[in-house]
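Colleague: I'm new to this one, so could you take me through a single part of it up close? Please go slowly and spell out your terms.

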Amino acid sequence: MKSTRDNARELMKGYCKVCPVCNGNGCVGEVPGMGGLGTGSSFKNNFKALADIKLNMRTIHDFCEPDTSLNIMGMKLDIPVIAAPIGGVSFNMGGKIEEIDYISAKLKACAAKGIIGCTGDGVPDFIHQSGFTAIEEVKGHGIPFIKPWEESELYMKLEKAEKTGAKIIGMDIDAAGLITLKKMGRPVTPKPISKLRSIIESVNADFILKGIMTPDEAKMAIDAGAKGIVVSNHGGRVLDSCPGTAEVLREISKAVAGQCAIMVDGGVRTGIDVLKMLALGADAVMIGRPFSIATIGGLQDGAEKYIDQLKSEFTQAMVLTGTARADSVNLSALYY
C-alpha cells in the first residue's frame, strides 16, 4: 500500500495529507476537503472511540481458518465491509482523477473482491451521474445513496437510482446539514417520519437510512420502513461535538438488533477496527476515507490492495480472539 498512499498524497495535495494515522488531527475544519467540521471533534471522536477499545486475546482453540464472510440484506460479503458513499473528487480530493474513473474503480474493486461499494450524491450533478453509471457497469452491484433533497430533485434521483439495477438504495439523512451543499445553494433538509415513510414506500428496493446516532431514531427508521440503518455522524463533517459512533453503537444495537440490518462507519481503518464494531453490535461496517485514498492513489488496483489488507487484518484478529465466524462476533472479543 505504500506506493498507493504516496501517489494519493501527491494527487490529493491541499485536500488530504494522507497522514500516517487518519485521526482527524491534520485536517481540522477542512470542509470541503477530507477533514472534520469546526474543531474536528466529531471526526476525532470517531477515531478515538475505536482506538480506546481493547481486545481479549485467546489462543487456546481450533479456529485456524475462521469464516470471514456473512450475509446481510440479501448480499453475501467475503468480509463484513462496505465501501462508504464518498464522492466529490473535484472539491474534496484534489480533482486530479475524474469522478467517473474514481467511482468506477472503487465499485469494480469491491465486486472483484466479493464485497460491495456505495456511490455518493451532491453538486455538481456529475457526482450522482457518475455513480449511477458505475453501478450499471457492475450490473447493479452497488448501493446508491441519495441526499435528503427537496421533493422534485429527491424523487427524480430515486427513480434514476432504481434504473441502475441496484437492489438496495440509501439516503444519507445526516447530510441535511452538509455545509458544502448549503454553500452551493442546493437545499437538503431533515425529514419527519411521515415523509420518510412515503419516500421509502415509493422505492422498489430495500432502503437504508444512514446517519442514525440514537436508539430512538433507530426505532423511528424501522417504523418508517428502513430495512437497514447506518450508525454514522457523516464522518464528523456535519455537526461538531458528536460522540464517536463506537460510543453509541452498543445501545442502538440493543434497541433494534434483529429488526433491521445494522451498519456503522466512522474511524474504521483496519480489520481490527472491523472486528471491534461487530463485537459492539454491527452486522457490517462501512469505511470511507481509506477507500477514497486507496482509489485515488491506485484506482481499482489500489482499492483491491486495501481490501486484501483489511481481510488479512480481520482474519488475524479473528484467529487471535478465538472468533470462528464473522456473523457471530460478540462482546466476549472485547476487554472491559
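Where is the place of N330?

Modeller: This is a predicted model, so local features need pLDDT of at least 70 and side-chain atom pairs count only at pLDDT 80 or more, while totals for chains, interfaces and linings use all residues. Residues are numbered from 1 along each chain as its sequence is written, and side-chain values use heavy atoms, with hydrogens and water left out.

Now to your spot: N330 sits in the loop between α12 and β12 (334-335). Helices (H or I, at least four residues) and strands (E, at least two) are DSSP runs, numbered from the N terminus. With a relative accessible area of 39%, N330 is partly exposed, since that word covers the range between buried (under 20%) and exposed (over 50%), using a 1.4 Å probe and protein chains only. The side chain of N330 has a partner too: a polar contact of 2.4 Å joins N330 to the side chain of S332. Such a contact is a pair of N or O atoms within 3.5 Å, one able to donate a hydrogen and the other to accept it; residues adjacent in sequence count only if both atoms are side-chain atoms. Elsewhere along the chain, M277 is 53 residues away from N330, yet their C-alpha atoms are separated by 9.6 Å.

Back up from that loop and you meet α12 (289-320), one of the elements that give two or more residues to the lining of the largest cavity. That cavity holds about 470 Å³ of space. Its lining has 35 residues, and P85, I86, G87, H234 and R237 are the closest to its centre. Alongside α12, the lining gets two or more residues from α3 (89-92), α7 (179-183) and β11 (284-287).

Let's finish with some rings. R289 lies over the face of F43, at 3.7 Å from the ring centre. The structure also holds one aromatic pair: F291 and Y306 meet edge-to-face, 5.1 Å centre to centre with 90° between the planes. Both partners are tucked away: F291 counts as buried at 1% relative accessibility, and Y306 counts as buried at 4%. So, to return to your residue, N330 is partly exposed, whereas F291 is buried.

Key: Rings of Phe, Tyr and Trp (its six-membered ring) pair if their centres lie within 6.5 Å; planes under 30 degrees apart count as stacked, over 60 as edge-to-face and the rest as tilted. A charge sits over a ring if NZ of Lys or CZ of Arg is within 6 Å of the ring centre and within 35 degrees of the ring normal. On a 1 Å grid over the protein atoms alone, a cavity is a set of points where a 1.4 Å probe fits but cannot get out, and a pocket is an open set with protein on both sides within 12 Å along at least five of seven lines; lining residues have an atom within 4 Å of a point. Grid points are joined across faces, edges and corners, and a volume is the space filled by probe spheres set on the points.
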